[in-house]
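Here's a quick tour of the fold, going from the sheets to the helices and ending on a pair of rings. Keep the viewer open as you read.

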Amino acid sequence: MSGFRGSFLRFADDTGRQQELTLSPDQERVTIGRSPQADLTLSWDAEVSRLHAAVEYLGAQWTIVDDGLSRNGTFVNGERLAGRRRLAAGDRIRVGTSLVSFHDYSGTPDDATRISSGSFPTLRSLTDTQRSVLIALCRPYKNNAGFATPASNQQIADELFLSVDAIKTHLRTLFSKFGVEDLPQNQKRVRLAGLAIQSGIIADRDL
């Protein structure tokens, strides 16, 4: 993906294969739903409404909107969407039982997207312990689990037989390596988990 610039949505098709839908400001509204007329069609997911949600380009930012269109709601990083929300790189959008992730390589200098255009750490640049912490952090997302939230420090500590303080130290290092250290505290863990999975450092089979 290193040569790719721009934004796109990534999702699994009915066979489980990863697909990508490129987002372009030329098409300001991209609909998501079960209907064959939707731009991103999830026809196999019975939990998805015919017109479920839309991704819209507003003021040089991509946003997700669900104005009560869907029967079961739309969730971003585990939180139910009310109205409209700006998307940031690594955000995980849940519609029905399907997971759609937002990726942004546009290189916008905006703080919210700054991390997206930077280089992700490579697997080789992480210690074995850092990778183990990441795997434990992301474990609730196994099999694209709906409405998952990252594991707590205590859960990670229990799994790895380390102290909570040691976990905090490793997470601080990981926040820095993934460029999310400046985010609000409640967003760091969700974004770190999203980026670890988005970058391919953590795969579903690791969980």
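## The six-stranded sheet

Let's begin with an open sheet of six strands, ordered β2-β1-β11-β10-β7-β8 and paired in the antiparallel sense. At its edges stand β2 and β8 (79-80); each has a single partner strand, so one side of each goes without a neighbour in the sheet. Bear in mind throughout that this is a predicted model.

At the β2 end, strand β1 (residues 7-12) runs antiparallel to strand β2 (residues 18-23), and six bridges join the two. If you want a spot to look at, try Phe 11, whose bridge partner in β2 is Gln 19. The two strands make a hairpin with five residues between them. In that turn, Gly 16 has a positive phi of about 90°.

Further along the order, strand β10 (residues 92-95) meets strand β11 (residues 98-104), again antiparallel, over four bridges. Here Ile 93 has Val 100 of β11 as its bridge partner. While you're looking at strands, remember that side chains in a regular strand alternate between the two faces of the sheet.

## The five-stranded sheet

There is also an open sheet of five strands, and this one has mixed pairing, with the order β4-β3-β5-β6-β9. Its edge strands are β4 (40-41) and β9 (83-86), each of them paired on one side only.

For a parallel stretch, go to strand β3 (residues 29-33), which pairs with β4 over two bridges. Ile 32 finds its bridge partner in β4 at Leu 40.

## Helix α5 and its buried lysine

How far apart are the end C-alpha atoms of α5? They sit 20 Å apart, and that agrees with the 20 Å its 14 residues should span at 1.5 Å a residue. Most of α5 is covered, with ten of its 14 residues buried. Among them are Lys 188, Arg 189, Arg 191 and Gln 198, along with Val 190, Leu 192 and Leu 195. Just after the helix, Gly 200 takes a positive phi of about 85°.

Lys 188 deserves a closer look. This residue of α5 (residues 185-198) is buried yet has no salt bridge. Where is the nearest side chain of opposite charge? That is Asp 182, 7.1 Å away. Setting aside residues up to four places away in sequence, Lys 188 touches Phe 175, Val 180, Glu 181 and Leu 183.

## A glutamine in α2

Gln 130 belongs to helix α2 (residues 128-138). Is Gln 130 buried or exposed? Its relative accessibility is 7%, below the 20% cut-off, so Gln 130 counts as buried.

As for company, leaving out residues up to four places away in sequence, Gln 130 touches Ser 125, His 170, Thr 173, Leu 174 and Lys 177.

## One aromatic pair

Last stop: the rings. The count comes to one aromatic pair, made by Tyr 57 and Trp 62. The arrangement is tilted, at 4.8 Å centre to centre with 55° between the planes.

How do the two partners compare for exposure? Tyr 57 is partly exposed, with a relative accessible area of 23%, whereas Trp 62 is buried, at 6%.

Definitions and conventions:
Residues are numbered from 1 along each chain as its sequence is written. This is a predicted model: local features need pLDDT of at least 70, side-chain atom pairs count only at pLDDT 80 or more; totals for chains, interfaces and linings use all residues. Side-chain values use heavy atoms; hydrogens and water are left out. Two strands pair if DSSP finds at least two bridges between them. Buried means under 20% relative accessible area, exposed over 50%, partly exposed in between (1.4 Å probe, protein chains only). Lys and Arg count as positive and Asp and Glu as negative; His and the chain ends are not counted. A salt bridge is a side-chain nitrogen of Lys or Arg within 4 Å of a carboxyl oxygen of Asp or Glu. Contact means heavy atoms within 4.5 Å. The expected span of a helix is 1.5 Å times one less than its number of residues. Rings of Phe, Tyr and Trp (its six-membered ring) pair if their centres lie within 6.5 Å; planes under 30 degrees apart count as stacked, over 60 as edge-to-face and the rest as tilted.
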